[in-house]
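Here is a friendly walk through one model, helix by helix and ring by ring. Please have a look at the sequence and structure first.

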Amino acid sequence: MSSMVKDDLSEMDNDDIMFDKVKIEGTCQDLEKPYYRLTEVPHPSEVRPQSVLKKSVALILKKWDDGVVDVHYVVDQFRSIRLDMKIQHIHNEFTVEVYEKNCLFCLKQGVIDQFNQCLLQLYLLYRDNISGNRQVCLC
């Protein structure tokens with residue numbers, strides 16, 4: 001990644017502020033990409049489009065099921081996927097699906113901070129009447 005990114009373990013809501021006014025259409029084809037805290041708007045070649053993100057979700061969950069990755073890898077990949085969706089203003093049933101899967105994974109693995117973030121976003125997505133499995137919020 002370019003100098004515009006900084007690896008940071010804390011996930012504050014500055015991303016929300018930065019991307020409210022800018023929409024990027026990603027062109028990156030990498031299925032796996034580490035999470036980096038952005039400090040400025042990324043180039044489209046650094047952001048994955050929804051079609052690639054769908055494949056990314058399937059890949060990381062398969063790798064988890066196959067036992068070839070650890071919890072930290074999956075959490076990092078989900079954070080990266082969520083950021084790519086936010087950058088592109090992807091706000092649809094796929095978004096709900098990602099947050100539901102991420103939420104359940106984090107709950108099962110005891111990653112409470114990420115579980116809480118996903119649960120809040122799911123609440124907001126459901127409030128916007130985007131279809132999903134609302135049972136996830138009842139767990």
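## Where helix α4 ends and begins

Helix α4 is followed by Gly-110, a residue whose phi is positive, near 75 degrees. Keep in mind as you inspect such angles that this is a predicted model.

At the N-terminal end of α4, the cap is Asn-92: one of its side-chain oxygens lies 2.9 Å from the backbone nitrogen of Phe-94. Does the length fit, and what span should we expect? With 17 residues (93-109) at 1.5 Å a residue, helix α4 should span 24 Å, and because its end C-alpha atoms are 24 Å apart, the two values agree.

## The buried side of α4

Which residues of α4 are buried? They are Phe-94, Thr-95, Val-96, Val-98, Tyr-99, Glu-100, Asn-102, Cys-103, Phe-105 and Cys-106. When reading such a list, recall that an α-helix has 3.6 residues a turn, so residues three or four places apart point the same way.

The cover over these buried residues of α4 includes three other helices: α2 (50-65), α3 (71-87) and α5 (112-127).

## Aromatic pairs around Phe-105

Searching the whole structure turns up two aromatic pairs. In one of them, Trp-64 and Phe-105 meet edge-to-face, with 5.0 Å centre to centre and 85 degrees between the planes. This pair links distant parts of the chain, since Trp-64 sits in helix α2 and Phe-105 in helix α4, 41 residues apart. Trp-64 counts as partly exposed because its relative accessibility is 24%, whereas Phe-105, at 6%, counts as buried.

Phe-105 also pairs with Phe-78: the ring centres are 6.5 Å apart and the planes are at 45 degrees, so this pair is tilted. Here too distant parts of the chain are linked, with Phe-78 in helix α3 and Phe-105 in helix α4, 27 residues apart. Both Phe-78 and Phe-105 are buried. Together, Trp-64, Phe-78 and Phe-105 make up one aromatic cluster.

## A charge over a ring

Next to Phe-78 in the sequence comes Arg-79, which lies over the face of Tyr-35, at 4.1 Å from the ring centre.

## The chain as a whole

Stepping back, the protein chain has five helices and two strands, and along the sequence they follow the pattern β-α-β-α-α-α-α. Of its 139 residues, 41% count as buried.

For contacts between residues at least 6 apart in sequence, 62% join residues at least 24 apart. The accessible surface of the protein chain comes to about 7,700 Å², and 52% of that belongs to carbon and sulfur atoms.

Note on methods. Residues numbered from 1 in each chain as written. Predicted model: local features only at pLDDT ≥ 70, side-chain atom pairs only at ≥ 80, totals over all residues. Heavy atoms only, no water. Helix = DSSP H or I, 4+ residues; strand = E, 2+ residues; numbered from the N terminus. Expected span 1.5 Å × (residues − 1). Buried < 20%, exposed > 50% of the residue type's maximum accessible area, 1.4 Å probe, protein only. Contact = heavy atoms within 4.5 Å. Polar contact = N/O pair within 3.5 Å; in protein donor to acceptor, adjacent residues only side chain to side chain. Phe/Tyr/Trp six-rings, centres within 6.5 Å; stacked < 30°, edge-to-face > 60°. Lys NZ or Arg CZ within 6 Å of the ring centre and 35° of its normal. Areas by Shrake-Rupley, 256 points an atom, 1.4 Å probe, with all protein chains shown as cover.
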